[in-house]
Amino acid sequence: MTRKASRGKQKIEMKLVESKEARYVTFSKRKLSLFKKVDELSTLSGADVGVLLFSPSGKLYFHGSTSIEKLTDKFLEWKLNNPQDVEKSNVFHTFDDLCKEFQIADEEEENRKRRYRILYPDSEIPPNRQRLEQLVVFKLRLDEIKKEAKNNILAERSKFDLNVVPEPDEGESCGTH
């Protein structure tokens with residue numbers, strides 16, 4: 001018996017599959033592989049894992065280590081208890097990005113000064129008007145980041161639950177005195 005020669009495992013280019021039928025087959029096969037990975041991750045790490053998919057035809061699929069209701073309840077509970085995490089991370093990322101941009105601009109300015117000293121050793125280095133404008137923009141962006149961080153802190157401090165009514169202590173009357 002002769003074996004059919006195959007091309008073996010090949011890397012697939014990541015682009016939309018043109019044929020509608022082939023796209024459905026690809027979705028089905030990859031969906032099963034993804035679901036297996038969900039099971040593996042959950043088993044190995046003990047994490048609650050879930051995947052929610054909509055097929056190209058619009059059909060909903062869910063696979064998880066627990067029910068979708070438990071996962072969404074857990075997510076909503078986490079979100080209620082940690083609302084500041086999303087805002088904080090955005091503020092910190094924005095600040096980090098600004099710092100990196102500032103560092104790059106600083107290096108560019110140092111290179112400009114070095115080149116000028118080499119080309120014109122006896123001359124005074126003229127101010128860089130573009131750099132001054134750039135510093136003003138950095139300052140405005142920094143002020144915005146500080147404002148956003150301050151608003152996040154104030155919002156966190158002013159949180160309180162209007163649905164909680166303190167119960168009167170024993171011996172206290174509920175009426176007016």
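This is a tour of a predicted model, with a selection to make at each stop.

**Whole chain**

Start with the protein chain in cartoon view. Its secondary structure amounts to 4 helices and 2 strands, and from the N terminus the order of elements is α-β-β-α-α-α. Turn on a surface next: the accessible area of the protein chain is about 15,900 Å², and carbon and sulfur atoms hold 56% of that. Colour by burial, and 11% of the 177 residues count as buried. For a contact map, take contacts between residues at least 6 apart in sequence; 42% of these join residues at least 24 apart.

**Helix H1**

Select residues 20–45, which make up helix H1. The helix has 26 residues, and the distance from its first C-alpha to its last is 37 Å, close to the 38 Å expected at 1.5 Å a residue. Show side chains for Phe27, Lys31, Phe35, Val38 and Ser42, which are buried. What do the buried residues of H1 pack against? They pack against E1 and E2, so keep both strands displayed for the stops that follow.

Now pick Leu41, also in H1. Leu41 counts as partly exposed because its relative accessibility is 47%, which lies between the 20% limit for buried and the 50% limit for exposed. Leaving aside residues up to four places away in sequence, Leu41 touches Gly46 and Val49. A distance label from the C-alpha of Leu41 to that of Ser65 should read 9.2 Å, although the two residues are 24 apart along the chain. Then step to Gly46, just after H1, where phi is positive at about 75°.

**The hairpin of E1 and E2**

Select strand E1 (50–54) and strand E2 (60–64). The two strands run antiparallel and are joined by 5 bridges. One facing pair to label is Leu52 and, opposite it in E2, Phe62. Between the strands of this hairpin are 5 residues, and Gly58 has a positive phi near 100°.

Colour E1 by face. Val51 and Leu53 are on the covered face, while Gly50, Leu52 and Phe54 are on the uncovered one. Phe54, in strand E1, counts as exposed because its relative accessibility is 57%, and exposed means over 50%.

Add Leu60 and Phe62 to Leu52 and Phe54, and show these four as a surface. Together they form a nonpolar patch with about 400 Å² of accessible area. Both E1 and E2 supply at least two residues of the patch.

**Salt bridges between H3 and H4**

The structure holds 6 salt bridges, and the remaining stops visit some of them. Begin with Glu101 and Arg141, whose side chains meet in a salt bridge at 2.8 Å, N to O. Glu101 belongs to helix H3 (residues 83–119) and Arg141 to helix H4 (residues 129–157), so this pair ties together parts that are 40 residues apart in sequence. Are these residues buried, partly exposed or exposed? Glu101 is partly exposed, at a relative accessible area of 35%, and Arg141 is also partly exposed, at 31% relative accessibility.

Next select Arg131 and Asp106, a salt bridge in which the closest N and O atoms are 2.3 Å apart. This pair too links distant parts of the chain, with Arg131 in helix H4 and Asp106 in helix H3, 25 residues apart. Arg131 is buried, with a relative accessible area of 9%, whereas Asp106 is partly exposed, with 33%. The two residues fall into separate classes because buried means under 20%.

**A salt bridge within H4**

Finish with Asp143 and Lys139. Their side chains meet in a salt bridge at 2.9 Å, N to O. How many residues apart are Asp143 and Lys139 in helix H4? They are 4 residues apart, so about one helical turn separates them. Asp143 counts as partly exposed at 30% relative accessibility, and Lys139 is partly exposed with a relative accessible area of 46%.

Definitions and conventions: Residues are numbered from 1 along each chain as its sequence is written. This is a predicted model: local features need pLDDT of at least 70, side-chain atom pairs count only at pLDDT 80 or more; totals for chains, interfaces and linings use all residues. Side-chain values use heavy atoms; hydrogens and water are left out. Patches are made of residues with over 30% relative accessible area and no salt bridge: like charges are joined within 9 Å, nonpolar side chains (Val, Leu, Ile, Met, Phe, Trp, Tyr) within 5 Å. Accessible areas come from the Shrake-Rupley method with a 1.4 Å probe; for residues, only the protein chains shown count as cover. Buried means under 20% relative accessible area, exposed over 50%, partly exposed in between (1.4 Å probe, protein chains only). Contact means heavy atoms within 4.5 Å. Two strands pair if DSSP finds at least two bridges between them. The expected span of a helix is 1.5 Å times one less than its number of residues.
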